[in-house]
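Student: Labels are easy to read off and harder to justify. Can we take some labels one at a time and test each against its rule?

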Amino acid sequence: MSLGSSLYQARKKSGLSQENVAEKLGVSRQTISKWETDVSHS
């Protein structure tokens, strides 16, 4: 399982939106989306 897939599953299980997670991590919602789709590996 990739990091993106793990992040997506954990976020859904917690009932959080990408916006919620982004705010907690101090990144943009677009960053969360990229991580979840494994677009960005940095």
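**Testing the labels**

Tutor: Start with Arg 11, which counts as buried at 8% relative accessibility. Keep in mind that this is a predicted model.

Student: What makes Arg 11 buried at 8%?

Tutor: Buried means under 20% relative accessible area. Arg 11 has 8%, so Arg 11 counts as buried.

Student: Which residues does Arg 11 touch, leaving out those up to four places away in sequence?

Tutor: Arg 11 touches Leu 16, Ser 17, Gln 18, Val 21 and Glu 36.

Student: Why is the pair Arg 11 and Glu 36 called a salt bridge?

Tutor: The rule asks for a side-chain nitrogen of Lys or Arg within 4 Å of a carboxyl oxygen of Asp or Glu. Here the N to O distance is 2.6 Å. That is within 4 Å, so the pair is a salt bridge. By this rule the count comes to 1 salt bridge.

Student: What does the pair tie together?

Tutor: Arg 11 lies in helix H1, residues 3-14, and Glu 36 in helix H3, residues 29-36. The pair therefore ties together parts that are 25 residues apart in sequence.

Student: Is Glu 36 buried or exposed?

Tutor: Glu 36 has 12% relative accessibility. The cut-off for buried is under 20%, so Glu 36 counts as buried.

Student: Why are H1 and H3 called oblique to each other?

Tutor: Their axes come within 7 Å and cross at roughly 120 degrees. Roughly perpendicular covers 65 to 115 degrees, and roughly antiparallel begins over 145. An angle of roughly 120 fits neither class, so H1 and H3 are oblique.

Student: Which residues meet there?

Tutor: From H1 come Gly 4, Ser 5, Leu 7, Tyr 8 and Arg 11. From H3 come Ile 32, Trp 35 and Glu 36. By class, the residues of this contact divide into 4 nonpolar, 2 polar and 2 charged.

Student: How do you know which class fits H2 and H3?

Tutor: Helix H2, residues 18-25, packs with H3 at an angle of about 110 degrees, and their axes are 8 Å apart. The range 65 to 115 counts as roughly perpendicular. The angle of about 110 falls in that range, so H2 and H3 are roughly perpendicular to each other.

Student: Which residues make that contact?

Tutor: H2 gives Gln 18, Glu 19, Val 21, Ala 22 and Leu 25. H3 gives Arg 29, Ile 32, Ser 33, Trp 35 and Glu 36. By class, the contact of H2 with H3 has 5 nonpolar, 2 polar and 3 charged residues.

Conventions: Residues numbered from 1 in each chain as written. Predicted model: local features only at pLDDT ≥ 70, side-chain atom pairs only at ≥ 80, totals over all residues. Heavy atoms only, no water. Helix = DSSP H or I, 4+ residues; strand = E, 2+ residues; numbered from the N terminus. Buried < 20%, exposed > 50% of the residue type's maximum accessible area, 1.4 Å probe, protein only. Axes fitted to C-alpha atoms, helices over the stretch in contact; angles between N-to-C directions. Parallel < 35°, antiparallel > 145°, perpendicular 65-115°, else oblique. Contact = heavy atoms within 4.5 Å. Nonpolar A, V, L, I, M, F, W, Y, C, P; charged D, E, K, R; others polar.
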